[in-house]
Amino acid sequence: MRAARGVLVALSAAVVATAAGCAGGPPRDTGQAGTGVVQAADTGRVAPGASVVYQPDKRAAAPTLDGELLDGSRFDPATLTDMVVVVNFWASWCAPCRAEAGELNATAEATKDARVRFVGVDIRDGRDQARAFVEGREVYPSLFDPAGRIALGFTDVSPNTIPATVIIDRRGRVAVVLRKVITQRELEPLVRQVAEERDSGG
């Protein structure tokens, strides 16, 4: 009986960890991953595990997505002009991030004709580990942001808890924040809702 209880406790802890996301940083043996990491309290307005959809008149401007991609090339933010942009914050060491990767790819493929673009932001990670993670499965680019500085530009997310996904409308405003593991079934309707706003005067 005690053994069974122990298994149940362990399973419960695993479920909670998956639902809430990954807090903290990578394991100590990932080399450069911890170098230059910004240490900050979780001050995002959206709590970990929650999601918020903002009405158009309540949206704040999103910071410009700029920086270096995983392959070392420079990302051109002009490619996102007049697009709905889905930004996913992830790391190779984060199990929930791995769990949702296929869901994000599927949503990106399903919505690209609606002038939607996905951009990943790899935070608190090592470049080699991150590149190994996306190899053979990347359908959209990821910015390499080991210090989590891009995440700090979004007031509704925190570099201390991932995964997190943000939907930015065509006017460059934060429309949706999801601080949890997402599925295509949940994400795609939200993306399409934001993508269709222009036609309805949003």
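Reader: Where is the place of Pro163?
Author: In this predicted model, Pro163 sits in the loop between β8 (161–162) and β9.

Reader: What makes the peptide bond from Ile162 to Pro163 cis?
Author: Its omega is near 5°. Ile162 also turns up among the residues with the most contacts inside the largest nonpolar core.

Reader: How many residues does that largest nonpolar core have, and which of them have the most contacts inside it?
Author: The core has 37 residues, and Leu65, Phe89, Phe154 and Ile162 have the most contacts inside it. Two or more residues come from each of β5, α2, β6, α3, β7, α4 (149–152), β9 (164–168) and β10 (174–178). The most come from β5, which gives four.

Reader: What lies apart from it?
Author: Another core does, with 17 residues, including Val84, Val86, Ile182 and Leu187. As a general point, nonpolar side chains in soluble globular proteins tend to be buried together.

Reader: Which residues of helix α3 are buried?
Author: In α3 (residues 127–134) they are Arg127, Ala130, Phe133 and Val134. To be called buried, a residue must have a relative accessible area under 20%.

Reader: How do you know on which side of α3 they lie?
Author: They cover an arc of only 125° around the axis, so they lie on the same side of α3. It helps to recall that an α-helix has 3.6 residues a turn, so residues three or four places apart point the same way.

Reader: Which exposed residues does the face of α3 turned away from its buried side carry?
Author: That face has Asp128 and Ala132; being called exposed takes a relative accessible area over 50%.

Reader: What do the buried residues of α3 pack against?
Author: Their partners are β3 (67–68), β5 (84–90), α2 (95–111), β6 (116–123) and β7 (142–145). After α3 comes Gly136, with a positive phi near 80°.

Reader: What is the phi of Asp82, and where does the residue lie?
Author: The phi of Asp82 is positive, about 65°, although the residue is not a glycine. Asp82 belongs to the loop between β4 (74–75) and β5.

Reader: Why does Asp82 count as partly exposed?
Author: Its relative accessibility is 24%. Partly exposed residues fall between the 20% and 50% limits, so Asp82 takes that name.

Reader: What is the phi of Arg115?
Author: Arg115, which is not a glycine either, has a positive phi of about 60°. It is placed in the loop between α2 and β6, and because its relative accessibility is 35%, it counts as partly exposed.

Reader: Why is Ala114 called partly exposed?
Author: The relative accessible area of Ala114 is 25%, which falls between 20% and 50%. Ala114, too, is in the loop between α2 and β6.

Reader: Which residues does Ala114 touch, not counting those up to four places away in sequence?
Author: They are Arg170, Arg192 and Ala195. With Arg192, the C-alpha atoms are 7.6 Å apart, while 78 residues separate the two in sequence.

Reader: At what angle do α2 and helix α5 pack?
Author: The angle is about 35°, and the axes of α2 and α5 (residues 184–195) are 9 Å apart. The crossing is right-handed. On the α2 side, the contact is made by Glu103, Leu104, Ala106, Thr107, Ala110 and Thr111. On the α5 side, it is made by Gln184, Leu187, Glu188, Val191 and Arg192.

Reader: Where is Ala50 found, and why is it called partly exposed?
Author: Ala50 is in the loop between β1 (22–23) and β2 (51–53). Its relative accessible area is 27%, and the range for partly exposed lies between 20% and 50%, so the name fits.

Reader: What is Ala50 in contact with, leaving aside its neighbours within four places in sequence?
Author: Those contacts are Val177, Leu178, Arg179 and Lys180. Ala50 and Arg179 are 129 residues apart along the chain, with their C-alpha atoms separated by 5.5 Å.

Reader: What is the mean pLDDT of the chain?
Author: The mean is 80, and 74% of the residues reach 70 or more. Residues 1–19 stay under 50, with five contacts beyond four places in sequence. The stretch 27–43 is also below 50, and has 29 contacts in the model beyond near neighbours in sequence.

Reader: How many helices and strands does the chain have?
Author: There are five helices and 10 strands. Of the 202 residues, 47% count as buried.

Conventions: Residues numbered from 1 in each chain as written. Heavy atoms only, no water. Buried < 20%, exposed > 50% of the residue type's maximum accessible area, 1.4 Å probe, protein only. Arc of directions from axis to C-beta. Contact = heavy atoms within 4.5 Å. Core = buried A, V, L, I, M, F, W, Y, C linked by side-chain atoms within 4.5 Å. pLDDT = per-residue confidence, 0-100. Axes fitted to C-alpha atoms, helices over the stretch in contact; angles between N-to-C directions. Left-handed = near helix turned anticlockwise from the far one by under 90°.
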